[in-house]
Amino acid sequence: MPRLLAVSKHQPAEAILALYQQGQLRFGENYVQEAATKQQALASYPIEWHLIGHLQSNKAKEAANLFDWIQTIDRAKLIPLLAKERPTHAEALNLLIQVNIDDEDSKHGCDPSQINRLAEEIARYPTLRLRGLMAIPRPDPDISRRKASFANLHRLYTELRLAHPGIDTLSMGMSEDFEQAIAEGATMVRIGTALFGARPASK
Ligand SMILES: *Cc1c(COP(=O)(O)O)cnc(C)c1O
């Protein structure tokens, strides 16, 4: 069974709490500042927090302290910053390498050729733990093309696992296409709209 990450961007802390009380423990946020506010409101609950939005270098320190997972590692520069800022008394920070699977100019994520290099860098630091890969395929209305992207990602994940057998997470699939992603081997799906309904307008 794939793990379910509830994507709570633009949702109030009360909506997160309501889902938590039904047994959902993992939540994904896109913005460091927005997450910090909700985490403060929900500090007494043992929620597992994932950053799934782009991480700017100047937010690395805050992110290394606030999140349990960061799914958007797409350049080498972030890695020593996060390693240094992760408190040594905390559990290692779980990281996913974000891959630009459809070679989109506008998208974040590393080129597939960079995956090994980033994985080697992460493996050097005891305060970090490599868990796998994440991607957002191009939102192609032709679902069969998304299937091909998911299959590609699964192949990259399988290759990475040969060198890093401890990895266990392939994060792909959102409200529209999680069924295709699961069919192609997703171990974590990131669902917002299908769980919470349409997002309130951003503040
Ligand atoms: C918003 C978001 C999701 C969830 O999208 P839905 O279509 O609402 O399920 C998943 N992953 C990332 C990276 C997102 O930014």
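Mentor: Let's start with a term: contact means that heavy atoms lie within 4.5 Å. Keep in mind, too, that this is a predicted model.

Trainee: Thanks! Leaving aside its neighbours within four places in sequence, which residues is Thr 187 in contact with?

Mentor: Begin with its place, the loop between α7 (178-183) and β8 (188-191). Once neighbours within four places in sequence are left aside, the residues in contact with Thr 187 are Pro 2, Arg 3, Asp 168, Thr 169 and Leu 170.

Trainee: And what distance separates the C-alpha atoms of Thr 187 and Gly 173?

Mentor: Along the chain, these two residues are 14 residues apart. In space, their C-alpha atoms are separated by 9.7 Å.

Trainee: Let's go inside. Which helix gives the most residues to the largest nonpolar core?

Mentor: In soluble globular proteins, nonpolar side chains tend to be buried together. Here the largest nonpolar core has 51 residues, and Phe 27, Ile 70, Leu 82, Ile 97, Leu 128 and Leu 133 touch the most other members. The top contribution to this core, five residues, comes from helix α6.

Trainee: How many residues does the other core have?

Mentor: That other core lies apart from the largest one, and Leu 5, Val 7, Ile 52 and Leu 96 are among its members. Its number of residues is seven.

Trainee: Now Glu 29. Is this residue buried or exposed?

Mentor: Glu 29 lies in strand β2. The cut-off for buried is under 20% relative accessible area. Because its relative accessibility is 0%, Glu 29 counts as buried.

Trainee: Which side chain makes a polar contact with the side chain of Glu 29?

Mentor: Setting aside residues up to four places away in sequence, Glu 29 touches several residues, including Ser 8, Lys 9, Glu 34, Lys 38 and His 50. The polar contact, at 2.9 Å, is with the side chain of Lys 38.

Trainee: Which elements do the buried residues of α2 pack against?

Mentor: Helix α2 covers residues 32-41, and its buried residues are Val 32, Glu 34, Ala 35, Ala 36, Lys 38 and Gln 39. The elements they pack against are α1 (13-20), β2 (26-29), β3 (48-51) and α3 (60-66).

Trainee: On to charges. How far apart are N and O in the salt bridge of Glu 184 and Lys 147?

Mentor: Side chains of opposite charge can pair when their charged atoms come close. This pair links distant parts of the chain, with Glu 184 in the loop between α7 and β8 and Lys 147 in helix α6, 37 residues apart. From N to O, their salt bridge spans 3.0 Å.

Trainee: Is Asp 74 buried or exposed?

Mentor: Asp 74 forms a salt bridge with Arg 75, with the closest N and O atoms 2.9 Å apart. Arg 75 counts as partly exposed because its relative accessibility is 25%. Asp 74 has 12% relative accessibility, so Asp 74 counts as buried.

Trainee: Last topic, the ligand. How much of its accessible area does the protein cover?

Mentor: Of the 13 residues around the ligand, Lys 9, Asn 30, Ser 175, Gly 192 and Thr 193 come nearest. An N or O atom in the side chain of Thr 193 is 2.5 Å from a ligand oxygen, and a polar side-chain atom of Arg 199 is 2.9 Å from an oxygen atom of the ligand. Of the 390 Å² of accessible area that the ligand has on its own, the protein covers 89%.

Note on methods:
Residues are numbered from 1 along each chain as its sequence is written. This is a predicted model: local features need pLDDT of at least 70, side-chain atom pairs count only at pLDDT 80 or more; totals for chains, interfaces and linings use all residues. Side-chain values use heavy atoms; hydrogens and water are left out. A nonpolar core is a set of buried Ala, Val, Leu, Ile, Met, Phe, Trp, Tyr and Cys residues joined through side-chain atoms within 4.5 Å. Buried means under 20% relative accessible area, exposed over 50%, partly exposed in between (1.4 Å probe, protein chains only). Helices (H or I, at least four residues) and strands (E, at least two) are DSSP runs, numbered from the N terminus. A residue is near a molecule or strand if one of its heavy atoms lies within 4 Å of it. A polar contact is a pair of N or O atoms within 3.5 Å; within protein, one must be able to donate a hydrogen and the other to accept it, and residues adjacent in sequence count only if both atoms are side-chain atoms. Accessible areas come from the Shrake-Rupley method with a 1.4 Å probe; for residues, only the protein chains shown count as cover. A salt bridge is a side-chain nitrogen of Lys or Arg within 4 Å of a carboxyl oxygen of Asp or Glu.
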